[in-house]
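Trainee: Got a minute? I'd like to walk through this one with you.
Mentor: Sure. Put it up and ask away.

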Amino acid sequence: MKKALITGINGQDGSYLAELLLEKGYKVYGLMRRKSKVDFGNVKHLKNDIEIIYGDMTDPISLINAMKISQADEVYNLAAQSFVATSWEQPIATAEIDGIGVTNMLEAIRTIKPEARFYQASTSEMFGLVQEIPQKETTPFYPRSPYGVAKLYGHWITKNYRESYGMFACSGILFNHESERRGKEFVTRKITDAVARIKLGLQDPLELGNMDAKRDWGHAKDYVKAMWLMLQQDEADDYVVATGETHKVREFVELAFKHVGIEVQWQGEGVDEIAIDKATGKTVVSVNPKFFRPAEVDILLGSPKKAEEKLGWEREISFEELVKRMILSDLERVKEEA
Ligand code: NAP
Ligand code: GDD
């Protein structure tokens, strides 16, 4: 039986990856931080199938301990301060968790089980002010947030340990991926949660920031398959995982409202832009400058060519299906809560 250790197991990706590995017959260990209230997040339903090890990416001893206990054959490092906006408010914590934390994990592997295979959750945020469109493995990086900068360190240290020590260490440069389990601070889930509430008459207009930002959005369930595939290859390498499509935040808003039978009409420009419900004339979306970022990533669009050709990876869930799944799940949940 293969053994896997997933850091950040209770996050969005951690939960889908745990499900995938359990299906494949792995023994799954998950690293989680201690909280003041016991909370298994997105893996509540897997509590009896996985083994939780308490630890923190900033505490090297706890990572050595996690390797000792799990003796993992595969380590998936998904733990991170993953919200870009927060990285300006907590730049040091972000660097320690998302940057140095990667070295802590690599050192724990090198000390306890150097032959273990390692996956690092790199990100399209490293492309930031994009130097070419679409972005691929060879595109130069230009991060635009403390989060992007910290992740770039994690990316390079992974490559460095591969080259220095011959470790089987891979980075997946994943573009945005969302799901019904996405945190509500991220724009897609913020939208689907609000649209469900507006539909049920439980919320005032949704306030957003930059609606012109373009993102390459896929579903997390498809993306964790690529992580696993990377660790099954003969050689360690880095791969872009993306859909090859990009959409504006505004398009996501329109589609989410459409799924609940509301057609929106846009009026005004810049911070005065609003969307009204065409049928009632009521304002359903407005702009609040507090959601703009000190530096923005205007467009992300990835080329999944290498992952498709070398890993045989393919995304199965389209953009339209992603939005539909998220809004239907939020509608159901909000109805239940109400
Ligand atoms: P997520 O839902 O925010 O999950 C992050 C996980 O990291 C949570 O379980 C969190 O635990 C844990 N964590 C945070 N700080 C930690 C620390 N100091 N020690 C141990 N655990 C810690 O993020 P996600 O969307 O699943 O993303 C997974 C990984 O992929 C992240 O590294 C993210 O940066 C990267 N990534 C995500 C995307 C995307 O679009 N989703 C794209 C590219 C890369 P708590 O519950 O205790 O906070
Ligand atoms: N969160 C948020 N809230 N974003 C908004 C809002 C709002 O009210 N209004 C507009 N946006 C814009 C942001 O300015 C950004 O351009 C875009 O929506 C997406 O924001 P997020 O959903 O917060 O995601 P992100 O692209 O910054 O980061 C996500 O993807 C990265 C991969 O590219 C995160 O999952 C990162 O962890 C991941 O690395």
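**Fold, ligands and a pocket**

Mentor: The chain has 10 helices and 15 strands. Keep in mind that this is a predicted model.

Trainee: How does the radius of gyration sit against a compact globule?
Mentor: It agrees. A compact globule of 338 residues would have a radius of gyration near 20 Å, and the chain has 20 Å.

Trainee: And what box do the C-alpha atoms fill?
Mentor: Roughly 65 × 45 × 40 Å, taken along the principal axes.

Trainee: On to ligand 1. Which residues come nearest?
Mentor: Asn10, Arg33, Ser82, Tyr147 and Lys151. They belong to a set of 24 residues around ligand 1.

Trainee: What backbone atoms lie by the oxygen atoms of ligand 1?
Mentor: Ala80 has a backbone N or O atom 3.1 Å from an oxygen atom of ligand 1. For Gly11, a polar backbone atom is 3.2 Å from a ligand 1 oxygen. Gly8 also places a backbone N or O atom 3.5 Å from an oxygen of ligand 1.

Trainee: How much of ligand 1 does the protein cover?
Mentor: The protein covers 88% of its accessible area, which is 900 Å² for ligand 1 on its own.

Trainee: Which elements give two or more residues to that shell?
Mentor: Helix 1 (12-23), strand 5 (117-123) and helix 5 (146-165). Strand 5 gives the largest share, 3 residues.

Trainee: What's the mix of classes around ligand 1?
Mentor: The shell has 9 nonpolar, 9 polar and 6 charged residues.

Trainee: Now ligand 2. How many residues surround it, and which are closest?
Mentor: 23 residues surround ligand 2. The closest are Thr123, Ser124, Tyr147, Arg293 and Glu296. You have met Tyr147 already, in the list for ligand 1.

Trainee: Ser82 was on the ligand 1 list too. How far is its backbone from an oxygen atom of ligand 2?
Mentor: A backbone N or O atom of Ser82 lies 2.6 Å from a ligand 2 oxygen.

Trainee: What about side chains? Where do Ser124 and Arg215 come in?
Mentor: Ser124 has a side-chain N or O atom 2.6 Å from an oxygen atom of ligand 2. Arg215 has a polar side-chain atom 2.8 Å from a ligand 2 oxygen.

Trainee: How much of ligand 2 is buried?
Mentor: The protein buries 96% of the 710 Å² that ligand 2 exposes when taken alone. Its shell divides into 10 nonpolar, 6 polar and 7 charged residues.

Trainee: Switching topic. What lines the second largest pocket?
Mentor: The lining includes Ile198, Lys199, Gly201, Gln203, Asp204 and Pro205. Further along the chain, Ile262, Asp277, Thr280, Lys282, Thr283 and Val284 are in it too. Helix 6 (187-199) and strand 15 (283-287) are the elements that give two or more residues to this lining.

Trainee: What is its volume?
Mentor: About 190 Å³. By class, the lining has 4 nonpolar, 4 polar and 4 charged residues.

Trainee: Last thing, the backbone. Which residues does the cis peptide bond join?
Mentor: Ile133 and Pro134, with omega about -5°. Pro134 lies in the loop between strand 5 and helix 5.

Trainee: And what is the phi of Gln71?
Mentor: Positive, about 50°, although Gln71 is not a glycine. Look for Gln71 in the loop between helix 2 (60-70) and strand 4 (74-77).

Notes: Residues numbered from 1 in each chain as written. Chains lettered and ligands numbered in written order. Predicted model: local features only at pLDDT ≥ 70, side-chain atom pairs only at ≥ 80, totals over all residues. Heavy atoms only, no water. 1 Å grid on protein atoms, 1.4 Å probe; cavity = no way out; pocket = protein on both sides within 12 Å on 5 of 7 lines; lining within 4 Å. Points joined across faces, edges and corners; volume = space filled by probe spheres on them. Helix = DSSP H or I, 4+ residues; strand = E, 2+ residues; numbered from the N terminus. Nonpolar A, V, L, I, M, F, W, Y, C, P; charged D, E, K, R; others polar. Near = heavy atom within 4 Å. Polar contact = N/O pair within 3.5 Å; in protein donor to acceptor, adjacent residues only side chain to side chain. Areas by Shrake-Rupley, 256 points an atom, 1.4 Å probe, with all protein chains shown as cover. Rg over C-alpha atoms; globule rule 2.2 N^0.38 Å.
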